[in-house]
Every structure is written in structure tokens, then in C-alpha cells.
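Student: I have a structure open on my screen and would like to learn how to read it. Could you take me through it feature by feature?

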Amino acid sequence: MATSRLGELLVREKLISLQQLRQAQEEQRQSGNKLGHALAKLGFISDGEITSFLAAQYNVPAINLGEVQIDVELCKLVTREVCERHQLVPVARVGSNLTVAMADPTNLNAIDDVKFLTGFNIEVVVASEAAIGDAIERVFGGATQVAYDEVMGGFSEDEIGVAGPDEEINVLELEKEADAAPVVRLVNALLLNAINRNASDIHIEPYEKQLRIRYRIDGVLLVEMTPPLKLKNPIVSRVKIMSQLDIAERRLPQDGRIKLKLGKGREMDFRVSVLPTAFGEKVVMRLLDKSNLQLDMTKLGFDQKPLDDFLWAIRQPWGMVLVTGPTGSGKTTTLYSALSDLNKPTTNISTAEDPVEFTLEGVNQVHMHDEIGLNFAMALRSFLRQDPDIIMVGEIRDFETAEIAVKAALTGHLVLSTLHTNDAPSTISRLLNMGVEPFLITASVNLVVAQRLCRRVCKECAQPHRFDERVLLDLGCSEEQLAEQGECRLGKGCKTCNGSGYKGRVAMYEVMRFSENLREMVLQGASTAELKAAAVKEGMCSLRMAGIGKILAGVTTPEEVGRVTMGD
């Protein structure tokens, strides 16, 4: 309820004086709370009296939310943002009727929004602002949803803009549904909530009987909400409009991009992929936040010796440096960090990327377009006619790309690239399987980095912990290292980490410097296992060993290291 309206009603009915109202409004301005909170805090009127007054005023039943067991799944149908904006909370459902507790039972816009989002008939009961606020906290938790003030820096939701011109959409019905105010607000809330929770991806997934929305947070997918199935097409169409895709095309995959302006000069990019599935189109959005891009290699998680080896390799005048790991392991960040270190006015750097995730000032970045023949191999050939010093190839996927990259490395260029392999030594086998000759590999490759991202123990709720010695021994921890458990920590779960005990991620690196001994072994046809054993003997720290170091330093846990290094 608007503050002035509630205050006027209470003064008119002589439940408070005009002077008390002004005092409460001043308290409200200072604290930022609702008027009901301020009146109760100053002792002028209780929450219960306000609730009873509103119930009598509007002839609507009152409810004591403190005595009601609220169904969490019902609240997820409308999102926390809707509950907070309209000061309401769903409390019960019987058949097609949904009972909603509201601070202002005359707010028809709120009732329409909830009816549209849920598809149920709405029955209203009244509760105080304080009781509804407490219920929202109880159901959603303190830091699990959109905190607009933090995300927007004081800007309202209306100031979110989609960069670039809006296209004319011919499919009128889809456009009408997608532009309906509740759908627009729901999609905006999903995007802003993902930013606020530091999600890396948003998954919108249609199934036969439900629509599921998940966030990938710190590498783990978590269910965010399950909107009504009838919102499937409007939500997907809204995302397509924002990313300037064809909303009428539902049979073919589409890729696009959304750029949100968040006020104060901050922008956030979302890379959008739409894929037709059995029950509709699945949408995955990758969040690309340049303001959070970590380009300082000393802060990525490198230990000192691996960092020294990596810096040595990228500062060579020629040769190849390969970064390997699964999707989402931070390979792009590592390469961008290397490019940032090498980026100088005296150096010509060209990159071939699919797609260009972040723009780097002073670097010539080329976006791949396979549909018109612009692939990594073609881009590499063109780069060699552009007088390059350093070349970065997004990924070596085939023999043609590998062959050109190797030849570029042998003709006086530094080549940086990625491959999808499990560890550093198996990268050599991957190149051999592609058809690259052993003598070309040994002559061109300077260093291989394998990496993984594991979740950090939450700093807010971390406590000293002694892990089971058998678990550490199974990971490969030595007897000497077991005595170093003094720094180990475990998160007990708090609002900051949403009860998981983890917040943020740290990289683990396996850096294999290509020594003369390893080159000779490759020429003699050594296996991956033999190469790994030799590299470890020469001082290489494997991924599992790097993980053990992070555990003993109190950065992560055995469970996380085992999860991301399984089989290493």
C-alpha cells in the first residue's frame, strides 16, 4: 500500500495522530523500512492493529502469517521480486484457487500479475507489511534472490535497456505475449537475479509437464524456479526479442546476444543459445561480465613454480602454448590473462574466437562464422598475411587447424590455443590422433596447461575442520601432508553462500613444460601414462596434487577436489 494512503486512512480513523504519522514518515526515510514497520517501532500502533484495521476497512479476512506453514513451491511460482514489489506472499492453494496474503488488498495490478503468472483464481487475505516481509525472508532466504539496490546501484528496473535497435516482429500473437508486462518483469528478474547471485549460466528448460529454470552457480546447476508451463512460449519469445532472434523460427537452433545497460556505465552481456527439443525450445544464456574478468595471473590460482613456467612460455618469441580442460574450466580467462600480459603497443596480436566473449583493447579479435566459411583454419591463414607477432586460436578442433597452428609456431610466431583433453600429457596424444607428426609437435609445443575450477570454501562461515585421513589418502595425500591439516576449513553454510558452504571458485593448474627429455619420449612413441610419470618426476604438479595443496591451505575441500579431478 502506498505510504501516504495507509497513513491518511489511519489518521482519518483516529488510530494515530498527524504528528505521529509525520514522526513515522521521518523514521521511515532514515531506516528505509515500510511505514507499518516505522509505526510499530515507535509504538504508535501494533502490526496486529494495522492488520485488523485493513481487514475491517476492505472487508477482507486477516491472517497471522506467523502461524501459517507456507508452501515454498507456491512462492516460487511468482518469484521473490514479485512478492517484494507488491508486498504479498502466496499462502495456500485449493484446486484452482490460490490464497494470497497482501498488505494492500486493493492493489489490482498485483492481483493481475499473480493471476497471470500462476493461472489460478486469486483469493486475497490481508497481513501486515512486517509479517509479509518476515514470511518472504523465511521462504526465500536472505540472499537467494534479486537485491535490486545492490545490482542496480540505485537504478530502477525501468532503466534496464537492451542495446541495439529493436526489430519488427511479424508474429503478432507471440509478440503480444512476450511483451505482456508480467513476462517482461519475470525475464528481467531472472537476468538480474543471475547477476546478483554470480551465476555463470541460465537454463530455461521445457519438459512435458513442467518448465524449469536453473542457474549454474560456482559450476553447479541449481533449480531457481518452475514457472507455469503456459509461460514457456512467452518467456522464450521475450528472450528472442531481447537477443534479436527470429521468434517465428522454432525448428532450428539460433544464437544471439543480449546487452543489458545497468546504469552508471555498467553493462552485462548474455550469450544466448536457443535449441529445439522434444517439448519446446531450450534456452541457455551465458553471462559475460567484463567488470569481473580477472586478468591478473597472480590471482587466478597459480602456484609460484607453475606460474613461472607459464610466464616463461608465453614470453617466448615463438612456439605453442596450449590450455586444456572441459567446457567451463576457465580456459578463456587464462588465455585472456596471457594476452593482457603480452598486449603492448609494439606487439601485433590477432585472435580467432567462436564467439568473442570479451573485447580487449589493442587486440584484433575475429568472430568465427562457419555458415559463410570463416572458420579457425581460414582465420589462421589470413592472420599469417597480417604480419602477426602473437596468434590466439579459440580451439584446435581438426587436423587442418592444428597443422596451420603448428606451422605458424615454427615460423616465428607465438601461438596460444585450447584443446578439450583431461590432462596436460594427453594433449600430446590428442594432437597425434589428429594427424600431426611427432617431430612437428616436439619442435613447436613449449608448454601445456590443464586446468579445473573448484568451489572455494565460503569465507563468511568457514570453520577449522579436520577431514577424514582415509579420504585425503585416497586423493593421493602423502603421510607428511596429513600432518599439515591445521589450515583446513569447511563452510557450515550461511546466507552469503545460500547454505552451501561454498562461495566463488579457484583454479587448479597442471603445467607441463616441454623438456628435452619429454620431447625425446614423444619421438620414441611413449604413452600418455609414461609422459605423465616423467613430467611428475621432473617437478610437474598434477591436478590432483594441486587440489591437495588447496585443501591443506583451507581454500577448498576433498569433496570438491574429488568432483573436478575424477580419474586424474
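Tutor: Gladly; we will go from the whole chain to the sheet, then to single residues. Keep in mind that this is a predicted model.

Student: Let me start broadly. How many helices and strands does the chain have?

Tutor: A count of elements is a good way in. Here there are 24 helices and 19 strands. Burial is the next thing to look at: 51% of the 568 residues count as buried. As for the surface, the chain exposes about 26,200 Å², and carbon and sulfur atoms supply 48% of that area.

Student: And what share of the contacts join residues at least 24 apart, among those between residues at least 6 apart in sequence?

Tutor: That share is 65%.

Student: Now the sheet. In what order do the seven strands of the open sheet lie?

Tutor: To read a sheet, walk across it from one edge to the other. In this one the walk goes β13-β12-β14-β15-β11-β16-β19, and the pairing is mixed. The ends of the walk are β13 (364–367) and β19 (502–513), edge strands that each pair on one side only. From one strand to the next, the twist averages 20 degrees.

Student: Which helix packs on this sheet?

Tutor: Helix α16, residues 399–410, does so, with contacts to β11, β14 (390–393) and β15. The direction of α16 makes about 135 degrees with that of β11.

Student: How do β11 and β15 run relative to each other, parallel or antiparallel?

Tutor: They run parallel, with six bridges joining β11 (residues 319–324) to β15 (residues 414–419). To see one of the pairs, find Met320, whose bridge partner in β15 is Val415.

Student: What about β12? Which strands does it pair with?

Tutor: Follow its bridges to either side. β12 pairs with β14 in the parallel sense over four bridges, and Ile349 has Ile390 as its partner in β14. With β13, β12 again makes four bridges in the parallel sense; there, Ala352 is matched with Val366.

Student: Why is β12 described as largely enclosed by the rest of the structure?

Tutor: For a strand, check the burial of its residues. Five of the five residues of β12 are buried, so the strand is largely enclosed by the rest of the structure. Then check each face: Ile349, Thr351 and Glu353 are buried on one side, and Ser350 and Ala352 are buried on the other.

Student: Let me try a helix pair. How do α17 and α22 cross?

Tutor: Look at how closely the axes come and at what angle. The axes of α17 (residues 425–434) and α22 (residues 528–537) come within 8 Å and cross at roughly 145 degrees. The crossing is right-handed. Pro425, Ser426, Ile428 and Ser429 of α17 make the contact with Thr528, Leu531 and Lys532 of α22.

Student: On to single residues. Why does Asp269 count as buried?

Tutor: A residue is called buried when its relative accessible area is under 20%. Asp269 has 14% relative accessibility, so it counts as buried. This residue lies in strand β9 (residues 267–277). Setting aside residues up to four places away in sequence, Asp269 touches Arg257, Ile258, Lys259, Arg286, Leu287 and Leu288. With Arg257 there is also a side-chain polar contact of 3.4 Å. Asp289 is 20 residues away along the chain, yet its C-alpha atom and that of Asp269 are separated by 6.4 Å.

Student: And Thr99, buried or exposed?

Tutor: Thr99 counts as buried, because its relative accessibility is 18%. It is found in strand β2 (residues 97–102). Beyond its neighbours within four places in sequence, the contacts of Thr99 include Val89, Pro90, Glu123 and Val125.

Student: What should I look for in the backbone?

Tutor: Most residues other than glycine have a negative phi, and most peptide bonds are trans, so look for the exceptions. Gln87 has a positive phi near 55 degrees, in the loop between α6 (79–86) and β1 (88–94). Asp218 also has a positive phi, of about 55 degrees, and its place is in the loop between β6 (211–217) and β7 (220–225).

Student: Where is there a cis peptide bond?

Tutor: From Asp354 to Pro355, with omega near -5 degrees. Pro355 sits in the loop between β12 (349–353) and β13.

Technical notes:
Residues are numbered from 1 along each chain as its sequence is written. This is a predicted model: local features need pLDDT of at least 70, side-chain atom pairs count only at pLDDT 80 or more; totals for chains, interfaces and linings use all residues. Side-chain values use heavy atoms; hydrogens and water are left out. Two strands pair if DSSP finds at least two bridges between them. Helices (H or I, at least four residues) and strands (E, at least two) are DSSP runs, numbered from the N terminus. Axes are lines fitted to C-alpha atoms, for helices over the stretch in contact, and angles run from 0 to 180 degrees between N-to-C directions. Contact means heavy atoms within 4.5 Å. Buried means under 20% relative accessible area, exposed over 50%, partly exposed in between (1.4 Å probe, protein chains only). A polar contact is a pair of N or O atoms within 3.5 Å; within protein, one must be able to donate a hydrogen and the other to accept it, and residues adjacent in sequence count only if both atoms are side-chain atoms. Accessible areas come from the Shrake-Rupley method with a 1.4 Å probe; for residues, only the protein chains shown count as cover. A crossing is left-handed if the near helix is turned anticlockwise from the far one by less than a right angle, and right-handed if clockwise.
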